[in-house]
Amino acid sequence: MRNFFLLLILPIFLISCASNEAGPLINDDLNVVSLDQENRSGTTPVISNDEQNIISVGPNSGNTNSINAPKKKVWGLFLGPGINRTIGHAVAVRAIHEKEIKFNMISGTGLGAVVAAYLAMELTPEVIEWKFHKFFLKIKNKRPYSTEWLTQVKKSLLADFENLQIQSTKLTLIIPVYSYSDNKIEYARRGNLKEKILENLQLEKAKGKYISVLTNKSVSFQKLRELGMQVIVSIDALSGKVKFLKQEDFLIGIFGKLAAAKSESTADFNFKLPSSGFSLDSIDELPEYLRATYLYMQTNSKDLAIEFQKMRIE
């Protein structure tokens, strides 16, 4: 009788052990999470920025109950540069959020990297817009990328990132920076956030040689996919039109090249914000620019919303 009882209990015990295997997954809020050794006792999964957990998403293949369950897509947002027009990113994301679209991973270049960092910290678009308004008041009549301009960037926009690490943001953040030694763009996922953004913004190295992520190579959407973005939404504030109130031959050359550049790979959804005559170094036409940006995103993000909802219920 005892042997019969042991034979009955043993299969149940083995099945129970197998079902407790843990693996990386995505929670209902579409945040990348993982179950590590310390969390296998039944505690809540923790958010992880480890590369393995970013790339390996979806149900755990070791769990027989979820083998046929669909994987939730990792949605990525990329924000391009645009100097003062960058404030349009905040308005565009507000319109996207109103359609209940959420992002897991965020990246950006130029001041777009600043907006990306704020979003990764889960600041609301309204707060980000307010911070840029304060910044504009302090840099009025200052030449973009001048010493005085960069000083105000550090004081007004980057003060919130003091002693903050990229990997500590609430959403996964990627900051492209140019590597002088390797002559290529690196995609930073760790390190001091403020320092990496300043590297991203850098236009001058030494002896008049201008080179950075903004001036040499285009950011690769294919690389962002390799790092975990499965669906990429790109927002372009330059929109192919570069205009300055003051004569800025050097900056016109840089941002004109950026506006005309074609990436080696493409995003899944591309939005070119309307310039509405808004100069990259001006705030005079700001209300009209923000209004046009919001209306543009409200109208043109309908397909994006449909695709997002479809992927959530597949």
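# Sheet, helices and rings in a predicted model

The protein chain has 11 helices and 9 strands (DSSP runs, H or I of at least four residues for helices, E of at least two for strands, numbered from the N terminus). This is a predicted model, in which local features need pLDDT of at least 70, side-chain atom pairs count only at pLDDT 80 or more, and totals for chains, interfaces and linings use all residues. Residues are numbered from 1 along each chain as its sequence is written, and side-chain values use heavy atoms, with hydrogens and water left out.

Student: What is the order of the strands in the open sheet?

Tutor: Two strands pair if DSSP finds at least two bridges between them. The pairing in this open sheet is mixed, and 6 strands form it. The order is β7-β6-β5-β4-β8-β9.

Student: Which are the edge strands?

Tutor: An edge strand here pairs on one side only. The twist averages 20 degrees from one strand to the next. The edge strands are β7 (184-188) and β9 (269-272).

Student: In what sense do β4 and β8 pair?

Tutor: Strand β4 covers residues 75-79 and strand β8 residues 231-236. Leu 77 stands opposite Val 233 in β8. The two strands pair over 5 bridges, and the sense is parallel.

Student: At what angle to β5 does helix α4 run?

Tutor: Axes are lines fitted to C-alpha atoms, for helices over the stretch in contact (heavy atoms within 4.5 Å), and angles run from 0 to 180 degrees between N-to-C directions. Helix α4 (residues 111-120) lies across β4, β5 (105-108) and β6 (172-179). Its angle to β5 is about 160 degrees.

Student: How far apart in sequence are the parts that Tyr 118 and Phe 161 tie together?

Tutor: Rings of Phe, Tyr and Trp (its six-membered ring) pair if their centres lie within 6.5 Å; planes under 30 degrees apart count as stacked, over 60 as edge-to-face and the rest as tilted. Tyr 118 and Phe 161 form a tilted pair, 5.1 Å centre to centre with 50 degrees between the planes. Tyr 118 lies in helix α4 and Phe 161 in the loop between α6 (147-157) and β6, so the pair ties together parts that are apart in sequence by 43 residues.

Student: Why is the pair of Phe 132 and Phe 136 edge-to-face?

Tutor: Both residues lie in helix α5 (residues 125-139), 4 residues apart, about one turn of the helix. Both are buried (under 20% relative accessible area; exposed is over 50%, partly exposed in between; 1.4 Å probe, protein chains only). The ring centres are 6.1 Å apart, and the pair is edge-to-face because the planes stand at 65 degrees.

Student: Which aromatic residues form one cluster?

Tutor: The pairing rule gives 11 aromatic pairs. The cluster is formed by Phe 132, Phe 135, Phe 136, Tyr 145, Trp 149 and Phe 255.

Student: Within what arc do the buried residues of α6 fall?

Tutor: The buried residues of α6 are Trp 149, Gln 152, Val 153, Ser 156 and Leu 157. Thr 147 and Lys 155, on the other side, are exposed. The arc is that of the directions from the helix axis to the C-beta atoms. The buried residues line one face of the helix, because seen down its axis they fall within an arc of 110 degrees.

Student: How far apart in space are Lys 223 and Glu 186?

Tutor: Lys 223 sits in helix α8 (residues 221-226). Lys 223 and Glu 186 are 37 residues apart in sequence. C-alpha to C-alpha, their separation in space is 9.7 Å.
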